Amino acid sequence: MIWIFWGGAALVAYTYFGYSVWLWLRSRWYPRKIQRGPYSPSVSFVMVVRDEELTLPRKLENLLTLDYTAELTQLVIVSDGSSDHTDAILREHASNPRITVVLTQLSRGKASGLNSALELAQGEIVVFTDARQSIEPGALRLMLENFADPTVGCVSGELMLGDPATGQSGKALATYWKVEKQVRQMESAAKSVVGATGALYAIRRNLLVPLPEETILDDVYLPMHVVRQGFRVVFESGARAWDSANLDAQREFGRKVRTLSGNYQLLQLAPWLLQSTNPIRFEFISHKLLRLVVPFALVGILISSAVLRGPFYRTTLLLQIVFYGLSIVSLFGLKRGPLARMAEAAFAFVMLNTAAVVAFYNFVSGRKTLWGHHPSKSKIKAQRERGSVIGS
């Protein structure tokens, strides 16, 4: 039990603190600067949407008004079996020579939709984004400046949770994102980021590879293939996309389950990630895989501290009970005060690790997700049909 306690404690400490310290030291001892400069290539935005009638008009206006030369910009948008007015909105914009629209009657999944979009993308740089987030006007130019460095193959933008007018939210999940972005920034300064921000990232088109149809994390799968080809994946903190910080807990939990399930799936889709051919294998394990093991380490710490004798273990058991109790208190809607902030932080931590357990269950049970649901293999096979292309 002593080994379980201290082994679990060491794993949790390294995952959340030790890896960040190692990155901080390495980024200062062996920094790799990016040779930024003016760079104005042709750009293709690709986006797959489904039932986005509420967000799509604002997103299209956002993309069309970014601070970049219109003649160098192409938008390729795939509607993946939308059942609301999404297709009608896209048809209205299809007359714009900058926009190419693909409409499919049945959902084939995001990865398949991205493959369709990439076949039509003509730009030297392909930018991936989602319908919900709003991109700041100057974000594209800031990202492109990194591509002036020929060693850079992918640039990740930054996701901000909050409102551009009032700033980033101070909620616990927003704080988690702040810490996550610091880790990515240090990875970028030292070598390459493990993955990219799905809301906004760009890749040289000649480095792209087809996505397996059931891929969950395109924003990790594609950047890791860029690294495999000998190019860097860097983080551009000035290229910001804004999203709401007020997502309900159930929706946020579903997003985390999907993301963490995608980490397990990566090991099946790209087993080379754990081999020496992966230039950032150590970073991938430290950043992505160890977080999947943390909830099991936490259970081991809790059980072992309950079994072991002595005041130290009794104190750690009490602290754990208080911490997990605070996460339950958060459910009762405390709004203000230090206790509310502590409870919110505890709830976010417990929710993230519970999502990792659910993701593990999805992995061992073979459950898969394309758009947050779990279609059967026969249904997926029946939905594999190409859609109609509208626009230039």
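A crossing of two helices is termed left-handed if the near helix is turned anticlockwise from the far one by less than a right angle, and right-handed if the turn is clockwise. In the present structure, which is a predicted model, three helix pairs and one internal cavity are described below.

Helix H9, spanning residues 281-307, packs against helix H10, residues 311-329, with an angle of about 130° and a separation of 8 Å between the axes. At this angle H9 is oblique to H10, because the value belongs to neither the parallel, the antiparallel nor the perpendicular class. The crossing in which H9 passes H10 is left-handed. On the H9 side the contact is formed by Leu 298, Ile 301, Leu 302, Ser 305 and Ala 306, and on the H10 side by Tyr 313, Arg 314, Thr 316, Leu 317, Gln 320 and Tyr 324. Classified by residue type, the contact of H9 with H10 comprises seven nonpolar, three polar and one charged residues.

H9 also packs against helix H11, which covers residues 337-365; the two axes come within 8 Å and cross at roughly 105°. H9 and H11 are therefore roughly perpendicular to each other, since angles of 65 to 115 degrees are assigned to that class. Arg 291, Val 294, Pro 295, Phe 296 and Leu 298 are the H9 residues of this contact, and they meet Phe 349, Asn 353, Ala 356, Val 357 and Phe 360 of H11. The contact of H9 with H11 contains eight nonpolar residues, one polar residue and one charged residue. Leu 298 of H9 thus appears both in the contact with H10 and in the contact with H11.

A further pair is formed by helix H2, residues 56-64, and helix H3, residues 86-93, whose axes lie 10 Å apart at an angle of about 30°. This angle makes H2 roughly parallel to H3, because values under 35 degrees are counted in that way. H2 passes H3 in a right-handed crossing. Leu 56, Pro 57 and Leu 60 of H2 meet Thr 86, Ile 89, Leu 90 and His 93 of H3. Five nonpolar and two polar residues make up the contact of H2 with H3, and no charged residues take part.

With regard to internal space, the structure holds one cavity of 30 Å³ or more. The space within the largest cavity amounts to about 30 Å³. Its lining consists of Val 46, Lys 110, Leu 114, Phe 128, Thr 129, Asp 130, Gly 198, Tyr 201 and Asp 218. Helix H4 (110-120) and strand S4 (125-129) each contribute at least two residues to the lining of the largest cavity. By class, four of the lining residues are nonpolar, two are polar and three are charged.

How values were computed:
Residues are numbered from 1 along each chain as its sequence is written. This is a predicted model: local features need pLDDT of at least 70, side-chain atom pairs count only at pLDDT 80 or more; totals for chains, interfaces and linings use all residues. Side-chain values use heavy atoms; hydrogens and water are left out. Axes are lines fitted to C-alpha atoms, for helices over the stretch in contact, and angles run from 0 to 180 degrees between N-to-C directions. Helices (H or I, at least four residues) and strands (E, at least two) are DSSP runs, numbered from the N terminus. Angles under 35 degrees count as roughly parallel, over 145 as roughly antiparallel, 65 to 115 as roughly perpendicular and the rest as oblique. Contact means heavy atoms within 4.5 Å. Ala, Val, Leu, Ile, Met, Phe, Trp, Tyr, Cys and Pro count as nonpolar, Asp, Glu, Lys and Arg as charged, and the others, Gly among them, as polar. On a 1 Å grid over the protein atoms alone, a cavity is a set of points where a 1.4 Å probe fits but cannot get out, and a pocket is an open set with protein on both sides within 12 Å along at least five of seven lines; lining residues have an atom within 4 Å of a point. Grid points are joined across faces, edges and corners, and a volume is the space filled by probe spheres set on the points.
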